[in-house]
Amino acid sequence: MTGHPVPSEHETVGAYALGILDDAEATAFEAHLATCEWCAQQLDELAGMEPMLAALADLPGTGSPAIGESLSAKPSPRLVNKLVDEVAERRAQKRRRSFYMVAAAAALIVGGPFVAVATNGGDSDGGGSPGQTLAASPAKDLFTGIENKVSGTDSATGASATVAMSEKPWGTETALELKGVKGPLKCSMIFVSKDGERETAASWSVPKWGYGIPDAKTEQARNPLYVSGGVSMAPDDVDHVEVMTFDGKKIVDVDV
């Protein structure tokens, strides 16, 4: 470009995306673009990013003109490359954030809206191999720390549950200790109010070897399952708590 060293075709992607090349430069770059997969990919990455590039060009310290003048003023190749690098970095950060969000969403899909862990475990999906030693359980710590507890046993399923409840300004914080349940199952802890309103406090999966099985061969299967969660209803409004499978089978009821 006039007044600056002529950049290589690879370095012209940002300027082309901004639309600041003259006709001859744009024509030359388009001829190169037809045979260069790398430039095509970079241009696709920058598609629709002209406003961001222009905004970056106007950031303090860039030495560029105002946004409204940036396209007509033709920034130098060095500035354009700097802007392209900044946009690329922002895109990379966005992809990293998206990855973490997807990972967190996947954990929630498997483990439910709250964490479900065994006594010696920190597995959010209740998985892992039998006998695996895992981290300490925050859900168990919560369960132990809450004084208000109620229990129930189901003679048909052999499962037993103890529900700890703590009143909060927003409702009820809860932790569940579940024993005598074998998988594979997907379960929910459901709070039922005195007027029949139902709220799911947590959901989780039970591996095939189960939890809280006294005669199990592995320590993990012998340990109870601890689940933490919460509902909007106050403890005084709760009639009972149900532990149910996703297909509607009741595992155990706990009257409050």
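Contact here means heavy atoms within 4.5 Å. The structure is a predicted model, in which local features need pLDDT of at least 70, side-chain atom pairs count only at pLDDT 80 or more, and totals for chains, interfaces and linings use all residues. Residues are numbered from 1 along each chain as its sequence is written, and side-chain values use heavy atoms, with hydrogens and water left out.

The protein has 8 helices and 9 strands. These elements are DSSP runs numbered from the N terminus, with helices being H or I of at least four residues and strands E of at least two. Buried residues account for 44% of the 256 residues. Buried denotes under 20% relative accessible area, exposed over 50%, and partly exposed in between (1.4 Å probe, protein chains only). Of the contacts between residues at least 6 apart in sequence, 59% link residues at least 24 apart.

Ser193 belongs to strand 5, residues 185-193. Its relative accessibility is 6%, so Ser193 counts as buried. Beyond residues up to four places away in sequence, Ser193 touches Met233, Asp237, Val238 and Asp239. The side chains of Ser193 and Asp195 are joined by a polar contact of 2.3 Å. Such a contact is a pair of N or O atoms within 3.5 Å; within protein, one must be able to donate a hydrogen and the other to accept it, and residues adjacent in sequence count only if both atoms are side-chain atoms.

Strand 5 runs antiparallel to strand 6, and 8 bridges join the two. Strands pair if DSSP finds at least two bridges between them. Val192 has Arg198 of strand 6 as its bridge partner. The hairpin of strand 5 and strand 6 has 4 residues between the strands, and Gly196 takes a positive phi near 90° there. In strand 6, 7 of the 9 residues are buried, so this strand is largely enclosed by the rest of the structure.

The largest nonpolar core holds 26 residues, and those with the most contacts inside it are Val163, Leu176, Leu178, Met189, Phe191 and Trp204. Two or more residues each come from strand 3, strand 4 (171-179), strand 5, strand 6 (198-206), strand 7 (225-231), strand 8 (238-245) and strand 9 (250-255). Strand 6 gives the largest share, 4 residues. A nonpolar core is a set of buried Ala, Val, Leu, Ile, Met, Phe, Trp, Tyr and Cys residues joined through side-chain atoms within 4.5 Å. Outside its neighbours within four places in sequence, Met189 is in contact with Thr174, Leu176, Glu199, Thr200, Ala201, Ala202, Trp204, Val241 and Glu242. Another core, of 8 residues, lies apart and includes Leu21, Ala26, Phe29 and Cys39.

Strand 2 (residues 149-153) has Val150 and Gly152 on a covered face. Lys149, Ser151 and Thr153 make up the uncovered face of strand 2. Strand 2 and strand 3 (residues 160-168) run antiparallel, joined by 5 bridges. Ser151 has Thr162 in strand 3 as its bridge partner. The two strands form a hairpin with 6 residues between them, and Gly158 in the turn has a positive phi of about 80°.

The charged end of Lys149 sits over the ring of Phe143, 5.0 Å from its centre. The criterion is NZ of Lys or CZ of Arg within 6 Å of the ring centre and within 35 degrees of the ring normal. Lys140 lies in helix 7, residues 138-145. Lys140 is partly exposed, at 29% relative accessible area. The C-alpha atoms of Lys140 and Val227 are separated by 7.6 Å, with these positions 87 residues apart along the chain.
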